Amino acid sequence: MRVLLIEDHKPLVRALKQGLEEEGFAVDVAYDGEEGGYKAETAEYDVIILDVMLPKEDGLSLLQRLRKAGLNTHVLLLTARGGLEDKVRGLDLGADDYLSKPFELEELFARLRALIRRGHQVKDPVVRIHDLEINTATRTVQRGDQPIHLTPREYALLEFLAFHRGRVVSRSMIWEHLYDEQDENTSNVVDVYIRYLRNKIDKGFDPPLIMTRWGEGYLLRGDSA
């Protein structure tokens, strides 16, 4: 999943970016409200992490502007400890959740996962497709009674397909959600990861769940397929 982090405190940015990437997120960074607004409007993100106190344009003003422009991406606000007024105003302006600094990374990850599920209208953290189970809370996968180990990138790809199960997603759609702006890979790398995933998810199991639609992209079988 692709995240935009808008935060001006560089040590915090480094720590958050590293932690998020280790969890399998693709992370783009903006260090002020002006840059953050530009990126939010020109790329597609699953969640925006937005600090309230920013140079050039503060977080609440940016949030208000983005919502007025019709941006529907989920926004998680980062606020100062005890900043009740910012929290209330942020929620009223269209924020979906908030965290007070300092916070634990595990709580941030859990809130991001919940927002991503909400964005795909999925309430149960365990996604079940035939005999495949994907636990989005623990980021674990099993098929039948067999646990399946996936790399963070493989898991991110499977989760993306699962959230769109029964629907074709193009290579470019997958690439845009799995790779950040600094990544030099092209959408062709998606084919490689689909092959890795098939070897782990489908090999030795029936029916195959990852389907190819030539000229269109890939899909994960729907519940009734």
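## Helix packing and backbone exceptions in a predicted model

At 1.5 Å a residue, the 12 residues of helix H6 (residues 152-163) should span 16 Å, and the end C-alpha atoms of H6 are indeed 16 Å apart, which agrees with that expectation. The structure described here is a predicted model. Of the 12 residues of H6, 10 are buried, so this helix is largely enclosed by the rest of the structure. The buried positions of H6 are Glu154, Tyr155, Ala156, Leu157, Leu158, Glu159, Phe160, Leu161, Ala162 and Phe163.

Two helix pairs that share H3 can be described next. Two packed helices are described by the angle between their axes and the distance between the axes. For helix H2 (residues 33-42) and helix H3 (residues 59-68), the axes come within 10 Å and cross at roughly 25 degrees. Because angles under 35 degrees count as roughly parallel, H2 and H3 are therefore roughly parallel to each other, and their crossing is right-handed. On the H2 side the contact is made by Gly33, Gly36, Gly37, Ala40 and Glu41, which meet Leu62, Arg65 and Leu66 of H3. By class, the residues of this contact between H2 and H3 divide into 3 nonpolar, 3 polar and 2 charged.

H3 also packs with helix H4 (residues 84-93), at an angle of about 10 degrees and with the axes 9 Å apart, which makes H3 roughly parallel to H4. Here Leu60, Leu63, Gln64 and Arg67 of H3 meet Asp86, Arg89, Gly90 and Leu93 of H4. The contact of H3 with H4 has 3 nonpolar, 2 polar and 3 charged residues.

Which residues of H3 meet H2, and which residues of H3 meet H4? Leu62, Arg65 and Leu66 are the H3 residues listed in the contact with H2, whereas Leu60, Leu63, Gln64 and Arg67 are listed in the contact with H4. An α-helix has 3.6 residues a turn, so residues three or four places apart point the same way.

The backbone also holds some exceptions, set against a general background: most residues other than glycine have a negative phi, and most peptide bonds are trans. The table collects four exceptions of this kind.

| Residue or bond | Backbone value | Loop |
|---|---|---|
| Lys56 | positive phi of about 70 degrees | between strand E3 (47-51) and H3 |
| His130 | positive phi of about 55 degrees | between strand E6 (126-129) and strand E7 (132-135) |
| Lys101 to Pro102 | cis, omega near -10 degrees | Pro102 between strand E5 (97-100) and helix H5 (105-119) |
| Asp206 to Pro207 | cis, omega near 5 degrees | Pro207 between helix H8 (189-201) and strand E10 (210-213) |

Lys56 has its positive phi although it is not a glycine, and His130 is likewise a residue with a positive phi that is not a glycine. Are these two side by side in exposure class, or what is the class of each? Lys56 is exposed, with a relative accessible area of 66%, while His130 is partly exposed, with a relative accessible area of 35%. Not counting residues up to four places away in sequence, Lys56 touches Asp32 and Glu34. The C-alpha atoms of Lys56 and Ala156, which lie 100 residues apart along the chain, are separated by 34 Å. Ala156 belongs to the buried residues of H6, whereas Lys56 is exposed.

Technical notes:
Residues numbered from 1 in each chain as written. Predicted model: local features only at pLDDT ≥ 70, side-chain atom pairs only at ≥ 80, totals over all residues. Heavy atoms only, no water. Axes fitted to C-alpha atoms, helices over the stretch in contact; angles between N-to-C directions. Helix = DSSP H or I, 4+ residues; strand = E, 2+ residues; numbered from the N terminus. Parallel < 35°, antiparallel > 145°, perpendicular 65-115°, else oblique. Left-handed = near helix turned anticlockwise from the far one by under 90°. Contact = heavy atoms within 4.5 Å. Nonpolar A, V, L, I, M, F, W, Y, C, P; charged D, E, K, R; others polar. Buried < 20%, exposed > 50% of the residue type's maximum accessible area, 1.4 Å probe, protein only. Expected span 1.5 Å × (residues − 1).
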